Amino acid sequence: PPAGVGIPLGALSVAAYMEKKGHEVAIFDSLLYRDKVGDKTHFGASLERIGDVVKEFKPDIIGVTKLFSTQMKKALKVTEYIKSVYPSAKIVVGGPHATARPEEFLASPSVDVVVIGEGEITLASIAYHYANKISIDNVKGIAYLKDGKMNINKPEYIQDLDSIPYPAYHLVELEKYF
């Protein structure tokens, strides 16, 4: 892989918990690709490749994680492109920057929900609420817009770490990271 690309443990942990709750999950690590695009600052898969993967899997919810603040504009380009090619999916963003500055993501109409803090239980709760057409107003650990106003529901941290399964390593080709 390109230098500095590590196994996405956070995403794999969230995926494992989602599987435990009965959801079909896929992981696409865009950093494993070196697609050539016109933008010399671009690193990873092209927007077209990401869109093709989304259209093939046809998810109800798409999680985007962004680890670093320097990636903010690129992350929003990804969410905007995904929403344009697959508008029916709910787009949920998480990661350190999303936790610290959820309003930056919610300023984009392409982002439906921002996860604040740990994502395992929170994303499963979001999925449950959307699947059952229940308002997400009571989901802990999210930021979202309601009537044009940002609402932040404080996170509830995982009390029993043993309730979280081992990361879903089977969802990625580990060889690509070494």
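At 26% relative accessibility, D137 counts as partly exposed, a label given to residues between the two cut-offs of buried (under 20% relative accessible area) and exposed (over 50%), with a 1.4 Å probe and protein chains only. The side chain of D137 meets that of K146 in a salt bridge, with 2.5 Å from N to O. Its partner K146 is likewise described as partly exposed, at 38% relative accessibility. A salt bridge here is a side-chain nitrogen of Lys or Arg within 4 Å of a carboxyl oxygen of Asp or Glu.

A word on the model helps in reading these values. The model is predicted, so that local features need pLDDT of at least 70 and side-chain atom pairs count only at pLDDT 80 or more, while totals for chains, interfaces and linings use all residues. Residues are numbered from 1 along each chain as its sequence is written, and side-chain values use heavy atoms, with hydrogens and water left out.

A search of the whole structure finds seven salt bridges. Among them are those of a network that links R101, E103 and E104. Within this network, R101 pairs with E103, the closest N and O atoms being 2.6 Å apart. R101 also meets E104, with an N to O distance of 3.3 Å. As for accessibility, R101 is partly exposed at 38%, E103 is partly exposed with a relative accessible area of 32%, and E104 is partly exposed at 26%.

E104 also appears in the surroundings of H97, a residue of helix α4 (residues 96-100). Helices (H or I, at least four residues) and strands (E, at least two) are DSSP runs, numbered from the N terminus. H97 counts as buried, at 8% relative accessibility. With neighbours within four places in sequence left aside, H97 is in contact with K66, S69, M72, P102, E104 and F105, where contact means heavy atoms within 4.5 Å.

Helix α6 (residues 120-131) offers a simple check of geometry. The expected span of a helix is 1.5 Å times one less than its number of residues. For the 12 residues of α6 this rule gives 16 Å, and the end C-alpha atoms are 17 Å apart, which agrees. The buried residues of α6 are E120, T122, L123, A124, I126, A127 and H129. The cover over these buried residues includes helix α1 (9-20) together with β1 (61-65), β2 (90-94), β3 (113-115) and β4 (142-146).

After α6 comes K133, located in the loop between α6 and β4. K133 has a positive phi of about 55° although it is not a glycine. With a relative accessible area of 76%, K133 is exposed. D147 can be described in a similar way: phi is near 55°, a positive value in a residue other than glycine. The place of D147 is in the loop between β4 and β5, and D147 is exposed, with a relative accessible area of 79%.

Strand β5 (residues 149-153) includes K149. K149 is exposed as well, at a relative accessible area of 56%. Its C-alpha atom is separated by 9.8 Å from that of L106, although the two residues are 43 residues apart along the chain.

Two other helices, α2 (residues 47-57) and α3 (residues 72-85), have axes that come within 10 Å and cross at roughly 45°. This angle makes α2 oblique to α3. In the scheme used, angles under 35 degrees count as roughly parallel, over 145 as roughly antiparallel, 65 to 115 as roughly perpendicular and the rest as oblique. The axes are lines fitted to C-alpha atoms, for helices over the stretch in contact, and the angles run from 0 to 180 degrees between N-to-C directions. The crossing of α2 and α3 is right-handed, the near helix being turned clockwise from the far one by less than a right angle. On the α2 side, the contact is made by L47, E48, I50, G51, V54 and K55, and on the α3 side by K77, V78, Y81, I82 and V85.

Helix α3 also holds K83. At 17% relative accessibility, K83 counts as buried. Not counting residues up to four places away in sequence, K83 touches A89, K90, I91, P109, S110 and D112.
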